[in-house]
Amino acid sequence: MSGSSTGASSWQVCPRCSKELPLSFAKSRCPACSALLEARHRPPERRGRALRELFAERRGSGRVLDASGVWRFRELVLPDAGAGVVTHPEGNTPLLSLPAVSRWTGLADLAVKHEGHNPTGSFKDRGMTVGVTVAKRIGARAVACASTGNTSASLAAYAALAEIPALVFVPAGQVAAGKLAQTLAYGAKTLLVRGDFDACFALAVEASEKLNVHLLNSVNPFRLEGQKTIVFEALEQLGWEPPDWIALPAGNLGNTSAFGNALRDARDLGLISRIPRLAAVQAEGANPFARGFREGFARRYRVKAETAATAIRIGDPASHERAVGAIRATNGVVTDVTDDEILEAKAVVDASGAGCEPASAASIAGVKKLVGEGVIRPGERVVAILTGHILKDPGLLLRYHMESDPPPPRANRPVEIEPALSAVENVLGRSVS
Ligand code: F0G
């Protein structure tokens with residue numbers, strides 16, 4: 001967090017060749033060496049305990065910026081944020097203790113940070129409030145993204161708030177119903193691309209370069225600045241006493257990168273004294289990052305992705321390089337879990353009363369697997385991130401509980417009856433005995 005030569009409070013820097021660019025530079029890659037750019041800010045005046053106190057004071061204030069679980073941490077997100085901020089507000093998500101989920105993973109102390117409690121039902125809102133705020137500030141004529149569904153729903157909502165037209169590219173037939181419904185309802189121009197997410201992303205990048213629309217995928221460094229606040233908020237909820245592990249689902253690897261940056265910032269500013277280890281969890285059918293990890297990241301894999309967890313159905317993650325940095329810097333691990341493991345974890349989270357979307361449950365399934373392998377010890381403190389809301393994917397839920405034959409182990413079959421008390425008695429008799 002060194003100061004910039006330009007005197008601006010935020011700017012961009014290339015991590016590979018150190019080239020500096022202003023905040024207004026609207027492309028995600030370095031013009032000199034094409035690495036993904038990173039955001040930098042002037043260092044905050046306060047550090048350590050004084051900075052922690054500033055964040056805490058804001059919780060009780062009535063100011064619009066302070067009401068947001070993103071903008072409350074603005075010194076580490078976009079320090080000169082002010083009246084032009086596009087906010088719902090977002091963040092302020094709960095850190096839950098769910099004994100049944102904890103038991104299922106084999107841990108004594110699992111805390112679950114539920115990002116499904118954001119305004120559009122996923123963690124994407126934390127990045128989007130920053131991305132759209134910057135887009136508005138630099139006068140973007142339209143914003144765009146490729147998406148497996150959550151980014152598009154979030155972009156559509158924040159673009160509508162900012163009154164900027166939004167264009168989204170989603171894989172035709174592969175987006176969960178709740179996400180597509182949101183994207184349409186918030187008013188984004190929605191392109192159903194006959195291809196997978198990776199094809200959507202390539203097209204969105206090309207469109208942003210040639211058609212002058214502002215790209216708001218997580219390659220955009222300001223999206224990641226917002227997503228860092230998941231970690232800041234979780235640490236704050238733990239009294240800034242870091243857990244041993246933070247587990248999260250991994251797809252395009254923007255969030256894994258943001259978590260690495262957040263932990264670096266938190267340590268450099270004296271907010272925490274020790275860095276938790278990251279555990280990034282992929283679906284087995286969409287596991288290029290997990291494959292790379294198993295070989296010490298000696299090579300970068302690209303796969304044809306297939307998983308029921310459509311949010312993380314990604315074969316060629318855009319933020320691969322910086323996510324490798326995040327795993328290395330935190331002494332982290334990457335693992336993968338089968339769709340059956342994801343669906344069982346989801347059924348456990350759902351039945352706990354918290355509920356989440358399929359991709360979110362990958363973090364819980366991953367924790368169970370890592371505990372089983374002895375990588376995470378049963379006594380260690382773990383925070384697992386649930387990235388999206390249970391209602392994002394009603395289609396999968398109805399298939400799991402009502403249609404799959406034979407029923408999966410945790411299916412909760414409904415019972416159709418005649419409108420008669422005797423029929424109710426019959427059912428009660430069966431389920432109580
Ligand atoms: N969980 C959910 C619910 C997601 O929607 C995503 C990504 C991830 C986890 C993985 O995060 O990509 O930063 O590694 N969804 C993107 C989208 C790709 O388009 O909504 P990541």
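Trainee: A pocket is an open set of points on a 1 Å grid, with protein on both sides within 12 Å along at least five of seven lines. How much space lies in the largest pocket?

Mentor: About 390 Å³. Keep in mind that this is a predicted model.

Trainee: Which residues lie closest to the centre of that pocket?

Mentor: Ala26, Lys27, Ser208, Val213 and Leu215, out of 19 lining residues.

Trainee: And which elements give two or more residues to the lining of the largest pocket?

Mentor: Helix 6, residues 197-210, and strand 9 do. Helix 6 gives the most, with 4 residues.

Trainee: How does the lining of the largest pocket divide by class?

Mentor: Into 9 nonpolar, 6 polar and 4 charged residues.

Trainee: What about the second largest pocket, how big is its volume?

Mentor: About 280 Å³. It has 16 lining residues, with Arg29, Leu36, Ala318, Glu321 and Arg322 nearest its centre. Helix 10, residues 320-329, contributes the most to this lining, with 3 residues.

Trainee: How many charged residues are in the lining of the second largest pocket?

Mentor: There are 7 charged residues, alongside 6 nonpolar and 3 polar.

Trainee: Switching to closed space. How many cavities of 30 Å³ or more does a search of the whole structure find?

Mentor: The search finds 4. The largest cavity holds about 310 Å³ of space. Its lining has 25 residues, and the closest to the centre are Phe123, Lys124, Asn252, Ala311 and Ile312.

Trainee: Which elements give two or more residues to that lining?

Mentor: Helix 4, helix 7 (221-237) and helix 8 (254-268). Helix 8 has the largest share, 3 residues. By class, the lining of the largest cavity has 14 polar, 9 nonpolar and 2 charged residues.

Trainee: And what is the volume of the second largest cavity?

Mentor: About 60 Å³. Among the residues lining the second largest cavity are Gln12, Leu23, Phe25, His214 and Phe222. Ala26 and Lys27 also line this cavity, and you met both by the centre of the largest pocket. The lining of the second largest cavity comes to 7 nonpolar, 3 polar and 1 charged.

Trainee: Strand 9 came up earlier. Which sheet is it in, and in what order do the strands run?

Mentor: An open sheet of 4 strands, order 8-7-6-9, with parallel pairing. Strand 9, residues 214-215, is an edge strand, as is strand 8, residues 189-193. Each of these edge strands pairs on one side only.

Trainee: How many bridges are there between strand 7 and strand 8?

Mentor: There are 5, in the parallel sense, and strand 7 covers residues 166-171. Pro171 stands opposite Val193 of strand 8.

Trainee: What lies across strand 6 and strand 7?

Mentor: Helix 4, residues 150-162. It runs at about 170° to strand 6, residues 143-146. Helix 4 also turns up in the lining of the largest cavity.

Trainee: What's in the loop between helix 4 and strand 7?

Mentor: Glu163 sits there. Its phi is near 60°, a positive value in a residue other than glycine.

Trainee: And the sheet of 6 strands, what's its order?

Mentor: The order is 4-5-13-10-11-12, open, with mixed pairing. Strand 4 (95-97) and strand 12 (333-337) are the edges. The twist averages 25° from one strand to the next.

Trainee: How do strand 10 and strand 13 run?

Mentor: Parallel, joined by 3 bridges. Strand 10 is residues 245-249 and strand 13 is residues 381-386. Ile246 stands opposite Val383 in strand 13.

Trainee: I'm checking omegas. Where is the peptide bond to Pro89 found, and is it cis or trans?

Mentor: The bond from His88 to Pro89 is cis, with omega near 10°. Pro89 is in the loop between helix 1 (48-59) and strand 4. Asp405 and Pro406 are also joined by a cis bond, with omega about 0°. Pro406 lies in the loop between helix 13 (394-403) and helix 14 (421-432).

Trainee: Last one, the whole chain. How many helices and strands are there?

Mentor: There are 14 helices and 13 strands. The radius of gyration is 21 Å, close to the 22 Å from the globule rule for 433 residues, so the chain is as compact as a globular protein of that length. The C-alpha trace spans about 80 × 50 × 45 Å along its principal axes.

Terms used. Residues are numbered from 1 along each chain as its sequence is written. This is a predicted model: local features need pLDDT of at least 70, side-chain atom pairs count only at pLDDT 80 or more; totals for chains, interfaces and linings use all residues. Side-chain values use heavy atoms; hydrogens and water are left out. Two strands pair if DSSP finds at least two bridges between them. Contact means heavy atoms within 4.5 Å. Axes are lines fitted to C-alpha atoms, for helices over the stretch in contact, and angles run from 0 to 180 degrees between N-to-C directions. On a 1 Å grid over the protein atoms alone, a cavity is a set of points where a 1.4 Å probe fits but cannot get out, and a pocket is an open set with protein on both sides within 12 Å along at least five of seven lines; lining residues have an atom within 4 Å of a point. Grid points are joined across faces, edges and corners, and a volume is the space filled by probe spheres set on the points. Ala, Val, Leu, Ile, Met, Phe, Trp, Tyr, Cys and Pro count as nonpolar, Asp, Glu, Lys and Arg as charged, and the others, Gly among them, as polar. The radius of gyration is taken over C-alpha atoms; the globule rule is 2.2 Å times the number of residues to the power 0.38.
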